[in-house]
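Please look over the sequence and the structure shown here before reading on. The briefing below moves through charged pairs, surface patches and some backbone angles, and it is meant to be read with the structure in view.

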Amino acid sequence: YTDTSRGYFDMTNEELEKLAWELFKKIPFMEGEYEYLGIRDTMKSWSAEEGEQITRVGVSFCRLLDGVRVVDEENCMLYFDGSGLVGIRINLFNYTQTGSMDMVALKDAEARIKTPDAFSIETESQDKNIATTLRVDQIDLRLVNQHSKGCAILQPLYIFSGTAAFED
């Protein structure tokens, strides 16, 4: 539920990040190292008089373990509207290192880039053409928490990101 009487969200990214960090640091049980990921959720409303307005945004903080981002089910979301903080959602886990496992070698993962486990394109176009070239600009390692799927380990995952080129 969004109460538009509190005003529409209109902070700059810099103002939002500063306020989010100030509030995050006041949560007494958030221990360890975290990374600010910015806006991850946006609610909007539309009216004939005002057009489209942002009513609320949610920013995310992500835990880092040994400098690697833990993603998926663990996160801290702070929600802001036109008057400031309006909600908090925190999913935390206690991690204990009980062993280790061998990862797929980065070279082997790179060889699978044409047949990835998952692939997404962020584009303005809804065209479903096949990309003619893919250029990897960055490779990141993530630890994926899949607790609700019955997975009791943090699964290491390579994230390849870059540029896709289409015929047009």
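A residue is called buried when its relative accessible area is under 20%, exposed when that area is over 50%, and partly exposed in between. By that rule, Asp140 and Arg142 are both buried. The model is predicted, and the points that follow are grouped by topic.

**Salt bridges**

- The structure holds seven salt bridges, and three of them are described in this section, beginning with the buried residues named above.
- Asp140 forms a salt bridge with Arg142, and the closest N and O atoms of this pair are 3.9 Å apart.
- The side chains of Glu35 and Arg69 also meet in a salt bridge, with a distance of 2.9 Å from N to O. This pair links distant parts of the chain, since Glu35 lies in strand β1 (residues 33–47) and Arg69 lies in strand β3, 34 residues apart.
- The partners in that link can be placed on the scale of accessibility: Glu35 has a relative accessible area of 26% and is therefore partly exposed, whereas Arg69 has a relative accessible area of 16% and is therefore buried.
- Within helix α1, Glu22 forms a salt bridge with Lys18, where the closest N and O atoms are 4.0 Å apart. Because Glu22 and Lys18 are four residues apart in helix α1, they are separated by about one helical turn.
- Glu22 counts as partly exposed because its relative accessibility is 38%, while Lys18, with a relative accessible area of 57%, is exposed.

**Surface patches**

- Which residues form a negative surface patch? Asp10, Glu14, Glu15 and Glu17 form it.
- One of these residues, Glu15, has its place in helix α1, which covers residues 13–24. With a relative accessible area of 44%, Glu15 is partly exposed.
- A nonpolar surface patch of about 200 Å² is made by Leu106, Val136 and Ile139.
- Val136, one of the residues in the nonpolar patch, has its place in strand β6, which covers residues 133–145. Its relative accessible area is 39%, so Val136 is partly exposed.

**Backbone angles with a positive phi**

- As background, most residues other than glycine have a negative phi.
- Asp66 is not a glycine, and yet it has a positive phi of about 50°. Asp66 is found in the loop between β2 (51–65) and β3 (68–72), and it counts as exposed because its relative accessibility is 80%.
- Asp72, which is likewise not a glycine, has a positive phi of about 90°. Asp72 is found in strand β3, and with a relative accessible area of 43% it is partly exposed.

**A contact along the fold**

- How many residues apart along the chain are Asp66 and Glu33? They are 33 residues apart along the chain, while their C-alpha atoms are separated by 8.9 Å.

Terms used:
Residues numbered from 1 in each chain as written. Predicted model: local features only at pLDDT ≥ 70, side-chain atom pairs only at ≥ 80, totals over all residues. Heavy atoms only, no water. Patch = residues over 30% accessible without salt bridge, like charges linked within 9 Å, V, L, I, M, F, W, Y side chains within 5 Å. Areas by Shrake-Rupley, 256 points an atom, 1.4 Å probe, with all protein chains shown as cover. Lys, Arg positive; Asp, Glu negative; His and termini not counted. Charge placed at Lys NZ, Arg CZ, Asp CG, Glu CD. Helix = DSSP H or I, 4+ residues; strand = E, 2+ residues; numbered from the N terminus. Buried < 20%, exposed > 50% of the residue type's maximum accessible area, 1.4 Å probe, protein only.
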